[in-house]
Amino acid sequence: MKRKAGYSLAIALLTVVVVLAGSGFYMLAYSLRPKQNKGKDLTASYDYMHDEYPHIKPWLDSLQENNAIRDTFIVNKEGKRLHALYAAAPEPTCKTALIVHGYTDNAIRMLMIGYLYNKKLKYNILLPDLHNHGLSEGEHIRMGWKDRLDILQWLGIANGIFGQSDSEKNDTLHRTTQMVVHGISMGAATTMMLSGEKLPEYVKCFVEDCGYTCVWDEFSHELKNQFGLPPFPLMYTTSLLCDIIYGWNFREASALEQVRKCDLPMLFIHGEADTYVPTWMVYRLFEAKSGLKELWIAPGSSHAMAYRDHPETYTSWVRNFTDKYIH
């Protein structure tokens with residue numbers, strides 16, 4: 001009887017392990033390799049921008065007609081070919097904005113923020129496609145964590161494209177820009193994750209719009225919201241599988257911890273009615289950030305809709321903030 005009971009227990013434990021592993025693989029694919037990745041459909045992305053932000057169409061048409069918005073590619077340290085769009089300011093300037101898109105979006109779907117900086121504020125702009133988005137290679141979505149290292153590489157590319165020569169110092173050419181990094185949603189998390197790294201001196205400030213505290217918090221929220229499940233045990237299993245397969249886990253991918261290390265100014269923006277990345281997250285992030293910081297809660301706005309709902313107010317917040325640090 002004892003031996004039979006032991007077999008039954010072993011079978012039960014094995015069944016639990018198999019179910020957990022299977023569920024973990026499913027959730028990992030569901031979240032990091034979604035079947036519906038709108039960021040891969042470039043035509044639909046342009047259609048979306050024209051429908052949602054019709055006021056940017058004349059600006060974008062002009063850039064395209066004059067071949068003023070261009071493609072560039074890099075190969076990152078992992079050997080993946082990554083893509084970005086870029087456009088120079090209407091007049092020569094060293095003011096540059098590096099603009100980072102959200103989950104299953106792409107550079108095209110951030111062109112409304114490109115319009116804000118390029119048309120309204122007269123900045124150079126560079127908009128990368130993150131790993132496994134747009135025209136960039138990659139097997140999975142990395143939720144900003146490893147993307148921060150790609151953005152660090154893109155900073156140097158933007159500086160090389162838009163920096164101006166200065167031969168006054170020992171007849172040596174120097175390339176210098178003044179740069180803001182601005183991200184929305186997962187792009188905002190990427191921006192905050194970047195902010196805790198050692199950065200070039202030409203990076204002057206950050207704007208994050210509706211970014212999450214960490215991947216663990218965001219996925220736990222969505223696990224409950226979409227499936228009605230608590231974090232234990234599935235979050236633990238899926239995070240472990242992510243670490244084994246992709247080399248990072250949900251807890252280490254923390255914008256909150258990176259923001260604690262950030263010593264540059266940051267503007268925090270969040271929609272008052274955001275339920276996808278809950279608004280409470282921005283208060284934790286704002287509290288964690290020391291030094292120069294500002295916070296704007298966009299009245300009535302849902303996730304990533306602050307600019308669409310309040311374009312003039314949004315532009316004013318960004319202009320007033322960046323003008324303090326970029327001249």
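**Tyr236 and its partner**

I looked up Tyr236 first. Its relative accessible area is 41%, so I noted the residue as partly exposed. The model is predicted, and I read every value with that in mind.

Next I counted aromatic pairs. The structure holds 15 of them. In one, the ring centres of Trp216 and Tyr236 are 4.9 Å apart and the planes stand at 80°, so I logged the pair as edge-to-face. Edge-to-face needs planes over 60 degrees apart. I then checked where the two partners sit. Trp216 belongs to helix 7 (residues 215–227) and Tyr236 to helix 8, with their positions 20 residues apart, and the pair links distant parts of the chain.

Is Trp216 buried or exposed? It is buried, because its relative accessible area is 9% and the limit for buried is under 20%.

I also searched for charges over the ring of Trp216. The charged end of Arg251 sits over that ring, 3.8 Å from the centre. So I have two contacts written down for Trp216: the Tyr236 ring and the Arg251 charge.

**Phe268 and Phe286**

I moved on to another ring pair, again after Tyr236. Phe268 and Phe286 pair edge-to-face, at 5.5 Å centre to centre and 85° between the planes. This pair also links distant parts of the chain. Phe268 lies in strand 9 (residues 266–271), Phe286 in helix 10 (residues 280–288), and they are 18 residues apart.

I checked exposure for both. Phe268 has 0% relative accessibility and therefore counts as buried. Phe286 has a relative accessible area of 22%, so I entered it as partly exposed.

**A ring cluster and a second charge**

Which residues do ring pairs link into a cluster? I found Tyr53, Trp296, Tyr307, Tyr314 and Trp317.

I noted one more charge over a ring. Arg81 has its charged end over the ring of Phe73, 3.8 Å from the ring centre.

**The nonpolar patch**

Last, I turned to the surface. Phe25, Leu240, Ile244 and Ile245 make a nonpolar patch of about 420 Å². Which element gives the largest share of the patch? It is helix 8 (residues 234–246), with three residues.

I picked Leu240 for a closer look. It is found in helix 8. Its relative accessible area is 53%, so I marked Leu240 as exposed; the cut-off for exposed is over 50%. Helix 8 thus appears twice in my notes: it carries Tyr236 of the ring pair, and it supplies the largest share of the nonpolar patch.

Conventions:
Residues are numbered from 1 along each chain as its sequence is written. This is a predicted model: local features need pLDDT of at least 70, side-chain atom pairs count only at pLDDT 80 or more; totals for chains, interfaces and linings use all residues. Side-chain values use heavy atoms; hydrogens and water are left out. Patches are made of residues with over 30% relative accessible area and no salt bridge: like charges are joined within 9 Å, nonpolar side chains (Val, Leu, Ile, Met, Phe, Trp, Tyr) within 5 Å. Accessible areas come from the Shrake-Rupley method with a 1.4 Å probe; for residues, only the protein chains shown count as cover. A salt bridge is a side-chain nitrogen of Lys or Arg within 4 Å of a carboxyl oxygen of Asp or Glu. Helices (H or I, at least four residues) and strands (E, at least two) are DSSP runs, numbered from the N terminus. Buried means under 20% relative accessible area, exposed over 50%, partly exposed in between (1.4 Å probe, protein chains only). Rings of Phe, Tyr and Trp (its six-membered ring) pair if their centres lie within 6.5 Å; planes under 30 degrees apart count as stacked, over 60 as edge-to-face and the rest as tilted. A charge sits over a ring if NZ of Lys or CZ of Arg is within 6 Å of the ring centre and within 35 degrees of the ring normal.
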